[in-house]
Structures are given as C-alpha cells and as structure tokens.
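Got a minute to walk through a fold together? Grab the viewer and let's go question by question.

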Amino acid sequence: MEYPEEVIGEIAAHMGEIIRLLGEDPDREGLVKTPVRAAKALYYATEGYRHTEEETVGDAVFTCPSDQMIIVRDIEFYSFCEHHILPFFGKVSIGYLPTGKMIGLSKLARIVNLYARRLQVQERLTHEICEAVRRAVGARGVIVACSGEHLCMKMRGVEKQDSSTVTVATSGDFDRLPELRREFFESLKC
C-alpha cells in the first residue's frame, strides 16, 4: 500500500504528541519510530474512506440462473469504534435473493471491508453492508447478520470479557417474510 507522505507525517506528529501527553517519552528507543508506524497502521485500517461502492463492486455483477437465496457466511472484519477509537472485530454473514443478477463472492467480502475500515458503530456497519448489496444486485431482499467483539467493552468501562454484540439488517422480502429470516439463520448453523 502506498502512503501519502504528507498525511502520514501529520498523523505521526499527532501520535508523537499523544505519546508525550500520556506521560511517555516519544524519543525513547522503543518509541522513536512508533508515531510513523501507528500513523501507517491507522491509515491502512481506515482505507474504507478512500474507496467507493462502485469501484469496490466494479463489473463483478453477473447473470444469475436462480432466484434462490445466496449466502456467504463468516466474513471476518476489523473496525474501530467511533466512540473510543478502539478496535472491534467479528464476522458478517450475508444472504440475498437474486432477481436475475448475482455479485462475485469476493466482492461481498470487499463490501464488508469498505464499510468496516472506517470509524464505525456495528449497527450502522450492518445496515450499510445490507444497503450496498441491495444496490449492487437489485435483490428482492438482503439480510446481514453481524457478530462483533468490542474492545471498548472488554478493556475499559464495564470490562466484560465474554460480551459480544449481534446486529441484523434486512431489506425487501426479508423484512416481510419471517420464514426467509428463519431459513437464513438455519443455514448459518450448517
């Protein structure tokens, strides 16, 4: 990945100041290069801001011979909580009902990354993925289930190590037909 020198330099300067404000010496041997490394890591982890849905999906929408549910499950993701700038991570499963079009399977994972690699809340992330898939293929319905573990819950505040959050977003037929939601969730147990 290419990093814009000016942006990385500016983020690194702020990182060095944060290290100092925390009570540490940013010029200490182990920390001298940390501001630049942290700046690059943060820039990489938020790359979703620098891409669009259109370029993410590209021309990977194809004719679909079926109208049966398509599911890709357990797509891992990594994101940052917008409230504490601490990581959260987990898995996303996506189901959709095609109407003559399907999307390349890897593009579903790329859509997850597009929205996960931003400052986020899990609820919005789940909804954004659902809407992006709906727009990409014009599906009769889309369902997205997201399970995440939030370090803001585990390492600060209430410090609940075994907590996880599950969010679900639906559109179209999945909004109206509970049997489709059941079929989707039963398929995730396989």
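Q: Is Arg-117 buried or exposed?
A: This is a predicted model, so we're reading computed values here. The cut-off for buried is under 20% relative accessible area. Arg-117 comes in at 14%, so the call is buried.

Q: Which residue forms a salt bridge with Arg-117?
A: Look for a carboxyl oxygen close to the Arg-117 side chain: the closest N and O atoms of the pair are 4.0 Å apart. The pair links distant parts of the chain, with Arg-117 in the loop between H4 and strand S5 and its partner in the loop between helix H2 and helix H3, 70 residues apart. That partner counts as buried, because its relative accessibility is 19%. The residue you want is Glu-47.

Q: Which residue forms a salt bridge with Arg-135?
A: Here the closest N and O atoms are 2.3 Å apart. Arg-135 lies in helix H5 and the partner in helix H3, so the pair ties together parts that are 82 residues apart in sequence. Arg-135 is partly exposed at 46% relative accessible area, while the partner counts as buried at 14%. That partner is Glu-53.

Q: How far apart are the closest N and O atoms of Glu-24 and Arg-28?
A: These two form a salt bridge. Glu-24 counts as partly exposed at 33% relative accessibility, and Arg-28 is partly exposed too, with 38%. Their closest N and O atoms sit at a distance of 3.1 Å.

Q: Which residues are linked with Arg-124 in a network of salt bridges?
A: The structure holds 12 salt bridges. Some of the charged side chains go beyond a simple pair, and Arg-124 belongs to such a network. Its fellow members are Glu-82 and Glu-128.

Q: Why are H4 and H5 oblique to each other?
A: Two packed helices are described by the angle between their axes and the distance between the axes. For helix H4 (residues 105–116) and helix H5 (residues 122–137), the axes are 9 Å apart and the angle is about 140°. Roughly antiparallel would need an angle over 145 degrees, and roughly perpendicular covers 65 to 115. H4 and H5 therefore get the label oblique.

Q: What is the handedness of the crossing of H4 and H5?
A: The angle of about 140° describes how H4 and H5 pack, but handedness is a separate label. For H4 and H5, the crossing is right-handed.

Q: What is the phi of Asp-74?
A: Most residues other than glycine have a negative phi. Asp-74 has a positive value, and it is found in strand S2 (residues 70–81). Asp-74 is also partly exposed, with a relative accessible area of 41%. Its phi is near 60°.

Q: Where is Glu-159?
A: Glu-159 is not a glycine, yet it has a positive phi of about 50°. To find it, go to the stretch that follows helix H6 (151–154) and precedes strand S7 (165–172). So the place of Glu-159 is the loop between H6 and S7.

Q: Which residues form a nonpolar patch on the surface with Phe-185?
A: Phe-185 is in helix H8 (residues 178–188). It counts as partly exposed, because its relative accessibility is 32%. The patch has about 260 Å² of accessible area together. Phe-185 shares it with Val-166 and Val-168.

Notes: Residues numbered from 1 in each chain as written. Predicted model: local features only at pLDDT ≥ 70, side-chain atom pairs only at ≥ 80, totals over all residues. Heavy atoms only, no water. Patch = residues over 30% accessible without salt bridge, like charges linked within 9 Å, V, L, I, M, F, W, Y side chains within 5 Å. Areas by Shrake-Rupley, 256 points an atom, 1.4 Å probe, with all protein chains shown as cover. Helix = DSSP H or I, 4+ residues; strand = E, 2+ residues; numbered from the N terminus. Buried < 20%, exposed > 50% of the residue type's maximum accessible area, 1.4 Å probe, protein only. Axes fitted to C-alpha atoms, helices over the stretch in contact; angles between N-to-C directions. Parallel < 35°, antiparallel > 145°, perpendicular 65-115°, else oblique. Left-handed = near helix turned anticlockwise from the far one by under 90°.
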